[in-house]
Amino acid sequence: MVTKRPNYLSLFLKLSAFSLVAFGGINALLPVLLKITVEQEHWIDVQTFSDFFAIAQAAPGPNGLIVALIGWKVSGLLGALVATLAICWPSSIMIFFLQRYLNNMQDLRAQRTIQFAAGSLAVGLVLSSSWELALQIDQSMAAYALTALAVALTLFTRWHPLYLIALGGLLGVLGFI
């Protein structure tokens, strides 16, 4: 249940600030996005956030779709456009200048070290985000069991992620989750 509608400037500023720290992509900071949109601003509720996350993961293209869906929900088409622009412009400018700096570095070892560290940081943030989201979104023992099963199958099998999505959807349709 949405309790207040943001104005476009508020939506733009909040998501632009969020973009500045979204190192590793939006998935790395989904718990923060959840706190901003659900707990702090009350733009959407937890169920809507979960639904938007599922749509963004299932749809082809970038995971930033969740931000466009949030913008759409709270302010229509213009809100979706404002939210998308807000989440893209700061990080795009920062990455442009960082990549230029890295390309101009003379010390290849330092360049590789920075790239390896950035990759490790991004992976760590995404894993941390996944853990935090599971703790905030899972509402039942069945949901926790499905999360644990999905992690185990991802780590120890070569199952395609669509099988896991289908399994989750089937359990949801059958009323187990």
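In this predicted model, helix 5 makes the biggest contribution to the lining of the largest pocket, handing over nine residues. That pocket takes up about 1800 Å³. Its lining runs to 38 residues, and those closest to the pocket centre are Phe53, Asp138, Leu146, Thr147 and Ala150. Helix 5 (108–137) is joined by helix 3, helix 6 (141–156) and helix 7 (161–173) as the elements that each put two or more residues into this lining. In terms of chemistry, the lining of the largest pocket splits into 23 nonpolar, 13 polar and two charged residues.

The second largest pocket comes in at about 400 Å³. It is lined by 22 residues, with Ala22, Gly25, Ile26, Ile87 and Ser91 closest to its centre. Here helix 4 supplies the largest share of the lining, 10 residues. Helix 1 also gives at least two residues to this second pocket, as does helix 4 (65–103). Sorted by class, the lining of the second largest pocket contains 14 nonpolar and eight polar residues, and no charged ones.

Turning to charged pairs, the structure has just one salt bridge. The partners are lysine 14 and glutamate 41, whose closest N and O atoms sit 3.0 Å apart. Lysine 14 belongs to helix 1 (residues 8–20), while glutamate 41 is found in the loop between helix 2 (30–40) and helix 3 (46–58), so the bridge ties together parts of the chain that are 27 residues apart in sequence. The two partners also differ in their surroundings: lysine 14 is partly exposed, at 26% relative accessible area, whereas glutamate 41 counts as buried because its relative accessibility is 9%, under the 20% cut-off.

Helix 2, which comes just before that loop, has a good number of buried residues: Leu30, Pro31, Leu33, Leu34, Ile36, Thr37 and Val38. These buried residues pack against four other helices, namely helix 1, helix 3, helix 4 and helix 5. After helix 2 comes histidine 42, which has a positive phi, near 60 degrees.

Threonine 37 is worth a look within helix 2. What is its relative accessibility? The value is 0%, so threonine 37 counts as buried. Its side chain nonetheless has a polar partner, as one of its polar atoms lies 2.8 Å from the backbone oxygen of leucine 33. In an α-helix there are 3.6 residues to a turn, so residues three or four places apart point the same way. Apart from neighbours within four places in sequence, threonine 37 is in contact with His42, Trp43, Ile44, Phe49 and Ile70. His42, the residue with the positive phi, is thus also one of the contacts of threonine 37.

Another buried side chain turns up in helix 4, where leucine 69 is located. With a relative accessibility of 19%, leucine 69 counts as buried because the cut-off is under 20%. Setting aside residues up to four places away in sequence, leucine 69 touches Phe52 and Ile55. Proline 161, by contrast, lies 92 residues along the chain from leucine 69, and the C-alpha atoms of the two are separated by 22 Å.

Technical notes
Residues are numbered from 1 along each chain as its sequence is written. This is a predicted model: local features need pLDDT of at least 70, side-chain atom pairs count only at pLDDT 80 or more; totals for chains, interfaces and linings use all residues. Side-chain values use heavy atoms; hydrogens and water are left out. A salt bridge is a side-chain nitrogen of Lys or Arg within 4 Å of a carboxyl oxygen of Asp or Glu. Buried means under 20% relative accessible area, exposed over 50%, partly exposed in between (1.4 Å probe, protein chains only). On a 1 Å grid over the protein atoms alone, a cavity is a set of points where a 1.4 Å probe fits but cannot get out, and a pocket is an open set with protein on both sides within 12 Å along at least five of seven lines; lining residues have an atom within 4 Å of a point. Grid points are joined across faces, edges and corners, and a volume is the space filled by probe spheres set on the points. Ala, Val, Leu, Ile, Met, Phe, Trp, Tyr, Cys and Pro count as nonpolar, Asp, Glu, Lys and Arg as charged, and the others, Gly among them, as polar. Contact means heavy atoms within 4.5 Å. A polar contact is a pair of N or O atoms within 3.5 Å; within protein, one must be able to donate a hydrogen and the other to accept it, and residues adjacent in sequence count only if both atoms are side-chain atoms.
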